Amino acid sequence: MKYTFIIQLLWIILVYGHVQSQPVDKFEKARKSMVQDQINPRDITDKATLAAMGKVPRHLFVPSGYVSIAYKDGPVPIGYGQTISQPFIVAYMTQAIKPKPNYKVLEIGTGSGYQAAILAEIVDSVFSVEIIPELGDKAKKLLNKLDYDNVHIKIDDGYFGWKEHAPFDAIIVTAAATYIPPPLIEQLKTGGYMIIPVGHPFQVQKLVMVQKKEKKISTRTMLPVRFVPFTRSK
Amino acid sequence: MKKDYFALDVSLFLLSAAVIGFQLTLMQILSIQQWSHMASMVISIALLGFGASGTLLAILKKYLLKQFDKYYTTLLLLSAITMVLSPILTGSSWLQFDTYLIFINSGHIFRLIMTCLLYFIPFVLAALAIGMSFTYQADRIGRLYFANLLGSGAGAIITVLFMWKIMPQHLPLINASFTLVGALFFYLLKPQNSTCKLLFTLTFCVCIMSFYIAPDIQPSEYKSWSKAIRLPQAKIQTVQNSPYGLVQTISSSAIRYAPSVSLTNTETIPQAGLAFVNGESVGYFPTDSTNKLFPLLQCTPVALAYQLKHRKSTLILQSGMGEQIHLALLKNSKQITTTEVNPVLHSLTKSFLNNTKYNSQILFNNSSARSFLKQDSTTFDAILFPAIGSFYGSSGLYALQEQNWLTIEAFMEARDHLTNDGILCVPCWLDYPYRSPLKLIATLDEVIKNQNIDTTETYLIGVKNWNQITFFMKRTPFSDEEISQTTEFCDSLLFDPLIFNNSLLVDVNPIHTTADTLFNHYNKQLTSAQKGKFYPTYPFRVKPATDNKPYFFHFLKPAGLNKLINDFNIAGIPYFELGYLLALITFLFIVVFGVSFIILPLKIVNQLKIKPSVFNYFAAIGIAYMITEMVLIHQFNIYFDNPVYAVAIIIGILLISSGIGSYISEKIRTKNSLWIAPLLIAFIIGIYLICLPYFINITMAFTLSYKIIFSLVTIGCLGFVMGLPFPLAIKQLSIENKDTIPSAWATNGFFSVAATPLAILLSIEIGFSGLFIIGACSYLLASFSIFSATS
């Protein structure tokens with residue numbers, strides 16, 4: 001009985017001590033390991049992208065039931081049939097548009113707001129369009145709370161882009177389509193890059209990098225991915 | 001006594017019809033919930049039930065046979081109850097598994113195992129009843145086996161017919177009703193105690209209740225349907241079930257159709273509706289009331305076929321929802337012929353174009369592409385194939401589905417339907433790692449070289465854009481003018497031309513590039529004399545598909561699997577090469593289950609007492625029957641124009657003729673027949689191996705009634721003798737050692753179980769002719785094992 005009590009006491013001290021030694025942001029370690037183990041080894045070398053991925057608290061952008069897997073190497077459902085993309089894909093798309101501090105970037109498909117937050121860490125301003133009001137409003141509130149005042153969110157049909165703020169230095173589309181929407185090409189600056197998952201919206205798609213040049217538009221097919229379908233309101 | 005026999009024969013007939021019908025029902029349900037390759041698992045589960053029933057019978061025969069009438073009726077009723085309940089339980093949200101998630105979520109492995117067990121129960125109960133009757137009246141085995149096979153054949157045909165009128169969730173009730181009626185018939189002629197009365201009432205109540213509680217079949221959340229139904233303002237327009245699958249159409253403001261459209265296009269992408277078969281999207285249709293056609297198709301690579309020359313006549317193969325028809329109409333093709341095997345899609349396309357001015361110039365054929373090419377002799381200015389890898393499996397999902405319209409022989413037949421200056425057009429979605437386009441290039445190159453032509457000329461050109469490569473092939477060489485027209489077309493729409501002749505000519509500064517620069521390098525190798533060396537070195541199978549191995553979408557090699565795991569990790573594999581992996585998993589799974597449920601229990605209770613020669617005999621005929629059945633289905637698939645009816649007709653003829661063979665076996669007294677029958681089957685298979693493809697070819701143009709007569713003669717003869725070995729051996733056992741009948745039944749069941757997935761895997765490696773040889777060898781082994789034992 002005596003020994004049992006001592007063992008229980010020791011156990012409580014050990015557990016309590018372990019809890020006390022946890023850092024304030026207990027997800028920092030997970031975030032660091034996400035960058036080191038999932039992103040860096042897969043040819044993501046852009047310092048600004050890596051820094052942003054290591055800074056933005058991804059666990060705040062996922063629903064409470066999925067916090068424990070927020071930093072895992074995969075997408076997480078966020079409701080309304082949408083997902084927050086796998087960390088590697090977010091980093092890959094960010095690096096692909098070659099972001100610079102003075103850039104104005106258009107994002108189609110705000111979703112959780114995570115991609116917008118990553119971009120906001122690197123570029124001057126982010127204009128993000130979301131078709132699902134509930135998701136857009138939630139992302140807006142969260143980004144405000146996290147002081148990302150250079151992110152502007154509009155609830156609208158992404159197909160038409162955001163004409164009032166065009167042209168954009170770069171465009172990131174985070175929803176799959178069988179086509180590249182003509183208004184988006186129009187709103188891209190000459191010399192600018194647009195990255196978009198294309199292919200059948202319900203099967204495997206490919207990330208395609210579109211570059212707008214003086215007289216022609218070229219594409220470069222990057223890697224296969226799976227995204228939710230590109231939606232239009234009307 | 002006669003009344004007793006009659007009661008058992010009729011109830012056995014109805015039970016057998018229900019069992020085969022339930023198999024078809026589960027196959028359709030799984031095709032909707034998951035994918036068709038999971039459906040093939042049902043055959044193995046059913047056979048597993050048959051094998052396990054033999055084991056149970058061996059262990060429990062004393063008790064079961066003592067009160068045969070009571071237990072027989074009980075088993076029939078329990079099997080009816082479980083037939084209606086198992087699909088409801090496995091379709092519930094807490095038990096429905098997802099094919100994709102079994103690779104990443106162990107919970108779904110548990111759900112899969114539970115699903116298999118729940119599907120297994122009705123089969124094992126029904127098979128136990130059948131096995132009991134065989135043991136109980138082993139002296140009448142020929143007649144009982146006849147009723148069993150006749151019922152199975154009739155059940156297959158009846159269930160297929162019911163699929164036209166009944167929604168999939170209610171089909172189990174139809175199957176259970178057969179069993180219930182069978183039990184009732186047996187009960188009325190041979191009344192038993194009140195326990196059965198209670199069970200009858202319970203079965204009746206469960207069946208009625210199931211009609212009201214059976215939920216709609218929910219497709220996997222990874223299927224197109226589940227995604228589309230969540231789109232803004234998604235509205236279901238059509239729902240129709242058929243043996244070809246469940247057809248549904250959806251309209252939504254978010255669905256737009258402009259595949260592979262040029263980046264120069266500034267027009268608004270028009271709104272469209274989307275059609276699905278078993279939850280997978282199969283094609284788009286216009287929903288804009290002012291514009292019945294898709295105008296942007298003129299800005300896609302396929303339009304080059306009409307840019308080079310006006311095409312008066314066009315043949316559109318596998319027309320789906322008719323998107324290619326729109327292009328032909330927009331380009332003023334005056335005679336348009338289409339083929340589409342699915343009658344529901346076919347009639348939907350017709351109805352969409354019915355109210356337009358174009359309807360009179362379209363000839364709709366409700367037939368498969370290959371059957372049309374084999375039977376029709378008309379020539380066309382343009383032949384359009386559907387985009388390969390889009391709706392027909394870009395991800396290896398359909399690796400094990402026969403694609404007899406994408407074989408070398410199919411493309412050669414298509415080429416022979418071209419007019420002298422006609423053009424064949426095949427769009428293909430670009431995948432990565434490169435698979436479909438490379439296999440297509442290799443196939444078309446083979447077709448061209450087969451013509452004995454001057455290889456310095458250009459017979460094949462390609463147009464590449466950001467997600468598709470479209471190939472154009474001609475019987476006569478492309479002229480210099482046509483090549484320069486192609487270049488101009490590509491320049492104006494920002495596409496990249498690929499000119500294939502002795503050396504592949506490509507633009508040095510292409511507009512559309514890929515992650516690596518190897519694509520053109522591979523193309524060059526595949527169209528050179530070096531291609532023989534290229535195939536084994538490339539990590540995926542890109543050697544052309546042939547009629548003997550018609551698996552266009554099977555790409556997986558061990559090296560390719562390693563590459564995919566390295567590039568996309570294990571969780572990404574299902575998106576690329578699911579079909580083959582699932583067949584492999586099914587095979588291993590079934591063998592483990594088979595050993596656990598059939599062999600091991602018999603060993604434990606020391607009931608596996610049959611002689612090695614008898615074991616070999618029943619094992620060999622189990623394997624051989626399943627393999628031969630599969631090869632016959634393959635051989636007659638194109639012949640009947642319609643794969644669903646082909647399967648129903650062939651299984652029907654085979655089972656009924658085998659049933660007649662079993663019936664006749666009762667009159668055979670000589671013991672030598674045990675080894676003569678399988679020897680005779682092996683001999684007939686040998687003849688069929690050489691002659692059948694030839695006779696099928698020459699009778700291809702016959703009318704349906706003559707074709708059925710031809711099939712009745714060919715399959716019927718083989719089926720008749722295939723029905724002999726099993727009842728002959730059971731009868732012999734009933735004379736020599738009746739106690740070993742259940743073990744023999746279990747052995748036969750186990751090897752039939754293992755043979756089904758094994759045959760699929762083998763057909764990929766050795767082709768269907770190789771499989772036919774294995775079938776013949778298995779019968780030879782059966783013959784030899786008995787011959788050596790008796791002599």
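Residues count as buried when their relative accessible area is under 20%. By this criterion B:Phe134 is buried, and B:Tyr145 is buried as well. Both belong to a predicted model, described here by chain, then by local feature.

Chain B contains 25 helices and 14 strands. Of its 791 residues, 64% are buried. Contacts between residues at least 6 apart in sequence were also examined. In chain B, 77% of these join residues at least 24 apart. The accessible surface of chain B is about 28500 Å². Carbon and sulfur atoms account for 62% of that area.

Chain A has 234 residues, of which 56% are buried. Its secondary structure comprises 7 helices and 9 strands. Among chain A contacts between residues at least 6 apart in sequence, 54% link residues at least 24 apart. Chain A exposes about 11000 Å². Here carbon and sulfur atoms supply 58%.

Aromatic pairing was considered next. Over all chains, the structure holds 48 aromatic pairs. One of them joins B:Phe134 and B:Tyr145. The ring centres lie 5.8 Å apart, and the planes meet at 80°. The geometry is edge-to-face. B:Phe134 sits in helix H4 (residues 106-136) of chain B, and B:Tyr145 sits in helix H5 (residues 141-162) of chain B. The two residues are 11 apart in sequence. A pair with another geometry is formed by B:Phe489 and B:Phe495: their ring centres are 6.0 Å apart and their planes lie at 45°, so this pair is tilted. B:Phe489 and B:Phe495 are both buried.

B:Phe134 and B:Tyr145 also belong to one aromatic cluster. The other members of this cluster are B:Phe50, B:Tyr617, B:Phe618, B:Phe726 and B:Trp745.

B:Ser133 also lies in helix H4 of chain B. Its relative accessible area is 0%, so B:Ser133 is buried. Residues up to four places away in sequence are left aside in its contact list. Beyond them, B:Ser133 touches B:Leu8, B:Leu12, B:Phe68, B:Tyr72 and B:Leu144.

Lysine side chains were found over aromatic rings in both chains. In chain A, A:Lys104 lies over the face of A:Phe168, at 5.7 Å from the ring centre. In chain B, B:Lys707 lies over the face of B:Tyr639. The distance to that ring centre is 5.1 Å.

Chain B also carries an open sheet of 4 strands. The strand order is E1-E2-E3-E4, with antiparallel pairing. Strand E1 (235-242) and strand E4 (280-286) of chain B form the edges. Each of these edge strands pairs on one side only. Neighbouring strands of the sheet are turned against each other by 25° on average, direction ignored.

Within this sheet, strand E2 (residues 245-256) and strand E3 (residues 271-277) of chain B pair over 6 bridges. Their pairing is antiparallel. B:Gln248 stands opposite B:Phe276 in E3(B). Helix H11 (residues 343-354) of chain B lies across E1, E2, E3 and E4 of chain B. Helix H11 of chain B runs at about 40° to E2(B).

Note on methods:
Residues numbered from 1 in each chain as written. Chains lettered and ligands numbered in written order. Predicted model: local features only at pLDDT ≥ 70, side-chain atom pairs only at ≥ 80, totals over all residues. Heavy atoms only, no water. Buried < 20%, exposed > 50% of the residue type's maximum accessible area, 1.4 Å probe, protein only. Contact = heavy atoms within 4.5 Å. Areas by Shrake-Rupley, 256 points an atom, 1.4 Å probe, with all protein chains shown as cover. Phe/Tyr/Trp six-rings, centres within 6.5 Å; stacked < 30°, edge-to-face > 60°. Lys NZ or Arg CZ within 6 Å of the ring centre and 35° of its normal. Pairing = 2+ DSSP bridges. Axes fitted to C-alpha atoms, helices over the stretch in contact; angles between N-to-C directions.
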